[in-house]
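The paragraphs below go through one protein chain, from a surface patch to the overall fold and then to particular side chains. Please keep the sequence and the structure in view while reading.

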Amino acid sequence: MDKIRSSIEEANQAVDKEREKNVSLLHMIFPPDIAKRLWLGESIEAKTHNEVTMLFSDIVGFTSICSTATPFMVVNMLQNLYTKFDAFCGQLDVYKVETIGDAYCVACGLHKYSSTHSQQIAWMALKMIKTCGTHHTHEGKPIEMRIGIHTGSVLAGVVGVKMPRYCMFGHNVTIANKFESGSEPLKINVSPTTYQ
């Protein structure tokens, strides 16, 4: 009986460890309240967030960098840079929405209420620009980024069942993206709503 009880206790501990890993993984991918509801099996409805500051960025000349680098070099360059950015997200309590290739997108006021969402994202942008000076391409050139920031309302929700994503939608997301594409290298293009 003691052996059976010991075996059951070990199995329960293993299950608890796996559960903790799963919960931890959900919290890395989704905002805490969304992760909790997904874990409980609840359906997640899209929700409008009225005051969100978004940051979009990309690497200047990324296509030409890729044309002279191996895929391994590109992945290493992005990994080194984005690992730093991910750490800044934790320090400044901003939510990393996604990375697609060289595009890096974060938001504040989305994962939880913040009265200082614009300032937090502005600090994020400044830290990102400063970090570019210490990271280089495979040819030894400093990485240059374009950054755009905009504040407004967005619709956010979980999209997909297999590899689900927490995504932002709406006119203000498009505007934030345009502020990034209209920015200059190593500059932060700030919209009037964010400035206010």
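Patches are made of residues with over 30% relative accessible area and no salt bridge, with like charges joined within 9 Å and nonpolar side chains (Val, Leu, Ile, Met, Phe, Trp, Tyr) joined within 5 Å. Accessible areas come from the Shrake-Rupley method with a 1.4 Å probe, and for residues only the protein chains shown count as cover. A salt bridge is a side-chain nitrogen of Lys or Arg within 4 Å of a carboxyl oxygen of Asp or Glu. On these terms, Met-1, Ile-4 and Ile-8 make a nonpolar surface patch of about 370 Å².

The model is predicted: local features need pLDDT of at least 70 and side-chain atom pairs count only at pLDDT 80 or more, while totals for chains, interfaces and linings use all residues. Residues are numbered from 1 along each chain as its sequence is written, and side-chain values use heavy atoms, with hydrogens and water left out.

Met-1 belongs to the segment before α1 (2-29). Helices (H or I, at least four residues) and strands (E, at least two) are DSSP runs, numbered from the N terminus. Burial is graded by relative accessible area: buried means under 20%, exposed over 50%, and partly exposed in between (1.4 Å probe, protein chains only). Met-1 counts as exposed because its relative accessibility is 79%.

As for the whole protein, its secondary structure consists of seven helices and six strands. Their order along the sequence is α-α-β-α-α-β-β-α-β-β-α-β-α. The C-alpha trace spans about 70 × 40 × 30 Å along its principal axes. Of the 196 residues, 38% are buried. The protein exposes about 11,900 Å², and carbon and sulfur atoms supply 57% of that area. Contact means heavy atoms within 4.5 Å. Among contacts between residues at least 6 apart in sequence, 66% join residues at least 24 apart.

Turning to charge, Lys and Arg count as positive and Asp and Glu as negative, with His and the chain ends not counted. The place of a charge is taken as NZ of Lys, CZ of Arg, CG of Asp or CD of Glu. There are 19 positive and 19 negative side chains, and the centres of the two sets lie 2 Å apart.

How many salt bridges does a search of the whole structure find? The search finds five. One of them joins Arg-146 to Asp-58, with the closest N and O atoms 3.3 Å apart. Arg-146 lies in strand β4 (residues 145-159) and Asp-58 in strand β1 (residues 47-59), so this pair ties together parts that are 88 residues apart in sequence. Asp-58 is buried, because its relative accessible area is 15%.

Arg-146 also meets Glu-180 in a salt bridge (3.8 Å, N to O). Here Glu-180 lies in helix α6 (residues 171-181) and Arg-146 in strand β4, so parts 34 residues apart in sequence are tied together. Glu-180 is buried, with a relative accessible area of 6%. Asp-58, Arg-146 and Glu-180 are thus linked in a network of salt bridges.

The last residue to consider is Thr-194, found in helix α7 (residues 192-195). Is Thr-194 buried or exposed? Thr-194 is buried, as its relative accessible area is 10%. Leaving aside neighbours within four places in sequence, Thr-194 is in contact with Thr-53, Ser-118, Ile-149, His-150 and Thr-151.
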